Amino acid sequence: MISRTVRTAMLAALPLSWAGAALAEADPAAVIDTYADIALAMYEDSLTGARALDDALQALVADPSEATLAAARDAWLASRVPYQHTEVYRFGNVIVDDWEVRVNAWPLDEGLIDYVDTGWYGDASDENRFYVANIIANETLTYGGATIDASAITPALLADELHWIDDIEANVTTGYHAIEFLLWGQDLNGTGPGAGDRPASDFDVADCTGGHCDRRGAYLLAASTLLISDLEEMVANWQADGAARAALSDDPANAGLSAIITGLGSLSYGELAGERMQLGLLLHDPEEEHDCFADNTHYSHYYNQQGMIAVYTGSYERTDGTLVEGPSIGDLVAAAAPDLHEETLSRLGATDAAMDVMVETAAADMAYDQMLGEGNDAGNAILQDVIDRLVDQTETFEQTVVALNLEIGGFEGSDSLDDPEAVFE
């Protein structure tokens, strides 16, 4: 992948170097083709990452050790890079939004899955009767007067019977974050240094320290199987004859372009700036960070921004280094409103630079959850700068709607941005 420093420099140079041959070819249908081709590439890269992760998880369960656990964690971190690019496709594409809750739902009540530190987590919840159900420790669960047979932890059990059980969104049993929790365990450090620290012996049936080590390994592999099958489904949806691509191509000048700008504006504003960043900062709550067990949230946010840049510019560098590129919505903006196009690139670059500061700080000495801490003025300021830049770039996406004469239902909002006092009510 292109380094963050080089990527930012390239983005800053785009207003001078980019709006060339692609402009002459840009039309809504061609823009939609590029948008769909990039989606396919991102989801294919995500699937490749998930398969590599599965190999590492198989090795961990077969031979639990600190080395195989570290390798599995590294594979999980690598798998997140292409997937986080894809979140710009969630908003504006119903087929993606409906599917996404199976692979990236958060936050989760981890006591549903495995043992927890009850002194930190608690031992009950008035809102969630499955708060500490502990699937791994229990072969049966009671729900609505019926008994659920959990003696075999299978993909079907996790996906069809337990995910979002009782219609509670925090009852997450599948996807990246369930796997993350099983690899790292709870992060009990609050806004202090350190991530989750689950021992490899939690998977060692010969020397088990966490109890039910065979079931924990079975859960990990079942969740991995589901992740692969879910990503295979989304790859199929973006193929030439796929349902996601077809939904856009029927009316590219309206539905297609509107989906693109809805994805950009909604991820930038309501989801990323609001629900994933401003909310946690207002509450100074590490439970609101996205990849909370692994302390990977800085990269999670960073690659969301890279996905937005890729969609606007029509250029995505795949994990193997090849480029997928073509006419983009940015080309259309450059033709209709050149000044707006340059301002959009400038603001995307400013957000990219603010994200760099966040990532470099996290890599050096202050993780994302530490930046959230109350009284950490320097860390709070770093996150607030990213939030402010995301809001700024959203303003240019709003102007794009007008410049291209699009009709959209509006961007996703967030009380944390629109009505902060409501957060505390």
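1. How many of the nine residues of helix α8 (residues 176-184) are buried? In this predicted model, nine of nine are buried, and the helix is accordingly described as mostly covered. The buried set comprises Tyr176, His177, Ala178, Ile179, Glu180, Phe181, Leu182, Leu183 and Trp184. It may be noted that Glu180 and His177 belong to this set alongside residues such as Leu182 and Phe181.

2. The cover of α8 can be traced to its packing partners. Its buried residues pack against three helices, namely α3 (28-62), α4 (66-85) and α9 (213-237). At the end of the helix, α8 is followed by Gly185, which has a positive phi near 75 degrees.

3. The pairing of α4 with α8 deserves separate comment. Two packed helices are described by the angle between their axes and the distance between the axes. For α4 and α8, the angle is about 155 degrees and the axes lie 10 Å apart. Because angles over 145 degrees count as roughly antiparallel, α4 is roughly antiparallel to α8. The crossing of these two helices is left-handed.

4. Which residues form the contact between α4 and α8? From α4, the participants are Leu69, Ala72, Arg73, Trp76, Leu77, Ser79, Arg80 and Tyr83. They meet Tyr176, His177, Ile179, Glu180, Leu183 and Trp184 of α8. Sorted by class, the contact of α4 with α8 has nine nonpolar, two polar and three charged residues. Several of the α8 participants, including Glu180 and Trp184, have already been listed as buried.

5. Helix α11 (residues 252-283) is not straight: a bend of about 45 degrees occurs at Gly274. This helix is also mostly covered, with 26 of its 32 residues buried. Just after α11, His284 adopts a positive phi of about 50 degrees.

6. Is Ser258, a residue of helix α11, buried or exposed? The relative accessible area of Ser258 is 9%; since buried means under 20%, Ser258 is classed as buried. Apart from its neighbours within four places in sequence, Ser258 is in contact with Leu406, Glu407 and Ile408.

7. A final remark concerns the spacing of Ser258 and Asn237. The two residues are separated by 21 residues in sequence, and their C-alpha atoms are 19 Å apart in space. Asn237 is also the residue number at which α9 (213-237) ends.

Conventions:
Residues numbered from 1 in each chain as written. Predicted model: local features only at pLDDT ≥ 70, side-chain atom pairs only at ≥ 80, totals over all residues. Heavy atoms only, no water. Buried < 20%, exposed > 50% of the residue type's maximum accessible area, 1.4 Å probe, protein only. Helix = DSSP H or I, 4+ residues; strand = E, 2+ residues; numbered from the N terminus. Contact = heavy atoms within 4.5 Å. Bend = angle between axes of the 7 residues up to and from the residue. Axes fitted to C-alpha atoms, helices over the stretch in contact; angles between N-to-C directions. Parallel < 35°, antiparallel > 145°, perpendicular 65-115°, else oblique. Left-handed = near helix turned anticlockwise from the far one by under 90°. Nonpolar A, V, L, I, M, F, W, Y, C, P; charged D, E, K, R; others polar.
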